[in-house]
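Okay, thanks for squeezing me in. I'd like to walk you through one fold, going from the overall layout down to a few single residues.

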Amino acid sequence: MALRVRVRNLNVRECSGDNGAGRLAVFDCDIGAISIFGCTLMRGADGTLFVAMPRRNHHGEPMPAVRVIDGEILHSLMVKARDLYHAAGGQMARTSNPTN
């Protein structure tokens, strides 16, 4: 059974280093019946896009680790976040590889 994956409340927050890697956007998501707040759409130094799970709560305090280990769910989150990021006017995630 496939889980419903939804990205919501995405805010473009572009910040990159000298190597082009960095944060593109911050968002909340729902995976099935689980809501996760403060995920980040990131671009690696090699240009690939990925989703990072939150490390701190909304007060800036360390929070319990959240890990999504299912590659299909992570890819679905990345694609939905990327598409919403572009729709919100984000530019830094544009690559020549549309599957990225």
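I'll start with the ground rules, then do the sheet, the core and three residues.

So, this is a predicted model, where local features need pLDDT of at least 70 and side-chain atom pairs count only at pLDDT 80 or more, while totals for chains, interfaces and linings use all residues. Residues are numbered from 1 along each chain as its sequence is written, and side-chain values use heavy atoms, with hydrogens and water left out.

Layout, then. The protein has one helix and four strands, and along the sequence they come as β-β-β-β-α. Those are DSSP runs, numbered from the N terminus: H or I for helices, at least four residues, and E for strands, at least two.

Now the sheet. The four strands make an open sheet in the order E1-E2-E3-E4, with antiparallel pairing; for a pair to count, DSSP has to find at least two bridges between the strands. E1 and E4 sit at the edges, each pairing on one side only. From one strand to the next, the twist averages 25 degrees.

Let me go across it pair by pair. E1 and E2 are joined by eight bridges. If you want to check the register, Val12 is opposite Ala25 in E2, and Asn11 is opposite Val26. Their hairpin has five residues between the strands, and Gly20 there takes a positive phi near 85 degrees.

Next door, E2 and E3 also have eight bridges, antiparallel, and Phe27 has Cys39 in E3 as its bridge partner. That hairpin has two residues between the strands, with Gly32 at a positive phi near 60 degrees.

Then E3 and E4 pair over four bridges, again antiparallel, with Leu41 opposite Val51 in E4. There are five residues between these two strands, and Gly47 in the turn has a positive phi of about 95 degrees. So each of the three hairpins gives us a glycine with positive phi.

What about the helix? H1 packs on the sheet and touches E1, E2, E3 and E4, and its direction makes about 65 degrees with that of E1. That angle is between N-to-C directions, on a scale from 0 to 180 degrees, using lines fitted to C-alpha atoms, for helices over the stretch in contact.

On to the core. Which residues have the most contacts inside the largest nonpolar core? They are Phe27, Leu41 and Leu77, in a core of 20 residues. A nonpolar core here is a set of buried Ala, Val, Leu, Ile, Met, Phe, Trp, Tyr and Cys residues joined through side-chain atoms within 4.5 Å. Strands E1 (5-16), E2 (22-31), E3 (34-43) and E4 (49-52) and helix H1 (71-87) each supply at least two of its residues.

Leu77 is a nice one to click on. Leaving out residues up to four places away in sequence, Leu77 touches Val5, Val7, Phe27, Cys29, Ile31, Val51 and Met53, where contact means heavy atoms within 4.5 Å. Look at the odd numbers there, and remember that in a regular strand the side chains alternate between the two faces of the sheet.

Now three residues with polar side chains. Asp30 lies in strand E2. Buried or exposed? Asp30 counts as buried, because its relative accessibility is 8%, and the cut-offs are under 20% relative accessible area for buried, over 50% for exposed, and partly exposed in between, with a 1.4 Å probe and protein chains only. Its side chain makes a polar contact of 3.1 Å with that of Arg8. Polar contact means N or O atoms within 3.5 Å; within protein, one must be able to donate a hydrogen and the other to accept it, and residues adjacent in sequence count only if both atoms are side-chain atoms. Beyond four places in sequence, Asp30 touches Arg4, Val5, Arg6, Arg8 and Ser35.

Thr40, in strand E3, is buried too, at 14%. Among the residues that Thr40 touches are Arg23, Ala25, Phe50 and Ala52.

Arg67 is the contrast: it lies in the loop between E4 and H1 and is exposed, at 73%. Arg67 and Pro54 are 13 residues apart in sequence and 9.2 Å apart in space, C-alpha to C-alpha.

Last number from me: 35% of the 100 residues count as buried.
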